Amino acid sequence: YAAKAVGDTHRRHTADLDDSADEQARLGAELRTALDTGQFRMVYQPIVELPCGRLRAVEALVRWDHPERGLISPDRFIPAAEHNGLIIELGEWILRTACTQAVEWQADWGPRAPQRISVNVSARQLAQPGFTAVVARALADTGLPVGKLTVEVTETAVFGGGQAVQTLNELHELGVRIALDDFGTGHSSLGLLQTVPVDVLKVDKSFVDNITMAGRHAVIATALIRVSEGLGLTAVAEGVETAEQAEELHRLGYQLAQGYHFGKPEAEPDFAAYAVREPASRP
Ligand code: C2E
Ligand code: MG
Ligand code: MG
Ligand code: MG
């Protein structure tokens with residue numbers, strides 16, 4: 001049925017869009033209609049405990065279910081939405097949809113529901129004056145307790161200027177958790193940990209990819225877990241695709257992981273039907 005097509009496992013393959021500025025502009029021009037006619041969907045990916053695979057949290061990821069092009073990846077349209085400013089409106093829809101979903105899981109699954117939901121926030125949203133109020137209103141309107149929301153930002157977004165750092169301080173003060181996404185791939189990574197209130201380090205997939213072959217990746221992944229421990233942060237290893245990677249990460253001290261090995265992003269209702277089950281009882 002319809003919702004099924006949105007999950008990555010069942011992803012319809014889209015004719016590859018070329019990267020031309022022209023194509024970006026076309027996508028950008030269609031974003032308004034897409035918002036007005038409800039073409040965006042959320043998918044959810046589990047963040048699990050190592051080594052058991054128990055569900056701990058969820059990352060919400062947006063998809064564009066385009067009537068002609070099929071599913072379009074956020075890497076293609078978030079930049080366009082940032083460029084024309086519609087990310088502000090789309091971002092608020094994403095935040096509210098994710099919070100509403102988290103409240104529903106809590107009602108449906110009780111203690112087995114994911115304990116936290118992560119929402120990605122782009123540079124322009126973070127730079128926007130009044131973003132803290134947008135978040136506070138979304139929490140109040142949906143009834144999601146503030147401690148259950150994590151906001152994921154990249155190092156680039158933090159350096160995006162405007163109100164970014166002040167907003168992070170306000171959000172943290174409010175009780176929202178702050179995660180640094182794709183950590184290690186931006187600039188001034190370590191210095192950032194002194195200037196912004198960070199709770200979670202999401203260690204980028206590139207450091208996980210070759211972790212089972214002793215080498216640079218393993219060294220960096222090891223260093224980053226030590227930094228996390230030392231600063232009292234939570235580390236999440238991103239993009240874990242194999243059991244061997246999961247084992248090695250656990251051996252290095254990682255307690256949380258995310259990746260296709262544990263579950264691909266899926267739309268509801270497939271997500272909860274699968275993820276909320278105990279790992280041992282999953283097919
Ligand atoms: P991200 O926040 O770092 O999200 C993780 C990306 O890695 C997701 O791609 C996810 O599907 C993918 N992934 C997860 N596990 C694996 C794995 O084991 N192997 C591989 N190869 N990939 C894996 P996705 O959903 O295409 O999103 C791409 C990026 O787009 C996100 O990176 C995030 O920066 C941005 N994005 C996604 N959803 C949103 C959103 O709602 N708002 C904003 N502002 N940005 C979003
Ligand atoms: Mg993210
Ligand atoms: Mg990431
Ligand atoms: Mg990423």
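The donor residues of the magnesium ion (ligand 2) are spaced E-x60-N-x31-E-x28-D in sequence. In this predicted model, Glu59 (OE), Asn120 (OD1), Glu152 (OE) and Asp181 (OD) coordinate that ion, at 2.0 to 2.2 Å. Asp181 also reaches a second metal: this residue bridges the magnesium ion (ligand 2) and the magnesium ion (ligand 3). The two ions lie 4.0 Å apart.

**Magnesium ion (ligand 2)**

- Asn120 belongs to strand 4 (residues 116–120) and Glu152 to strand 5 (residues 149–154), so this donor pair ties together parts that are 32 residues apart in sequence.
- Asn120 is partly exposed, at a relative accessible area of 28%.
- Glu152 is buried, with 2% relative accessibility; the cut-off for buried is under 20%.

**Magnesium ion (ligand 3)**

- The donors here are Asp181 (OD), Asp182 (OD), Glu238 (OE) and Glu238 (OE), at 2.0 to 2.7 Å.
- Glu238 is listed with two OE donors.
- Along the chain, the donors of the magnesium ion (ligand 3) follow the spacing D-D-x55-E.
- Asp181 lies in strand 6, while Glu238 lies in the loop between strand 8 (234–237) and helix 11 (243–252), so the pair ties together parts that are 57 residues apart in sequence.
- Both Asp181 and Glu238 are buried.

**Ligand 1: polar contacts and cover**

- Glu59, a donor to the magnesium ion (ligand 2), has a polar side-chain atom 3.0 Å from an oxygen atom of ligand 1.
- Asn120, another donor to that ion, places a polar side-chain atom 2.9 Å from an oxygen atom of ligand 1.
- Glu238, a donor to the magnesium ion (ligand 3), has a polar side-chain atom 3.4 Å from an oxygen atom of ligand 1.
- On its own, ligand 1 has 800 Å² of accessible area, and the protein covers 83% of that area.

**Ligand 1: pocket and shell**

- Ligand 1 takes up the space of the largest pocket.
- Strand 2 (55–66), helix 2 (74–84) and strand 6 (177–183) are the elements that give two or more residues to the shell around ligand 1.
- Strand 2 provides the largest share of this shell, with four residues.
- There are 23 residues around ligand 1, of which Arg63, Asn120, Asp181, Glu241 and Tyr260 come nearest.
- Two of these names recur at the metals: Asn120 coordinates the magnesium ion (ligand 2), and Asp181 bridges the magnesium ion (ligand 3) and the magnesium ion (ligand 2).

Definitions and conventions:
Residues are numbered from 1 along each chain as its sequence is written. Chains are lettered from A and ligands numbered from 1 in the order in which they are written. This is a predicted model: local features need pLDDT of at least 70, side-chain atom pairs count only at pLDDT 80 or more; totals for chains, interfaces and linings use all residues. Side-chain values use heavy atoms; hydrogens and water are left out. Donors are N, O and S atoms within 2.8 Å of the metal (3.2 Å for Na, K and Ca); water is not among the atoms, so sites may look incomplete. Buried means under 20% relative accessible area, exposed over 50%, partly exposed in between (1.4 Å probe, protein chains only). A residue is near a molecule or strand if one of its heavy atoms lies within 4 Å of it. A polar contact is a pair of N or O atoms within 3.5 Å; within protein, one must be able to donate a hydrogen and the other to accept it, and residues adjacent in sequence count only if both atoms are side-chain atoms. Accessible areas come from the Shrake-Rupley method with a 1.4 Å probe; for residues, only the protein chains shown count as cover. On a 1 Å grid over the protein atoms alone, a cavity is a set of points where a 1.4 Å probe fits but cannot get out, and a pocket is an open set with protein on both sides within 12 Å along at least five of seven lines; lining residues have an atom within 4 Å of a point. A molecule sits in a cavity or pocket if more than half of its atoms lie within 2 Å of its grid points.
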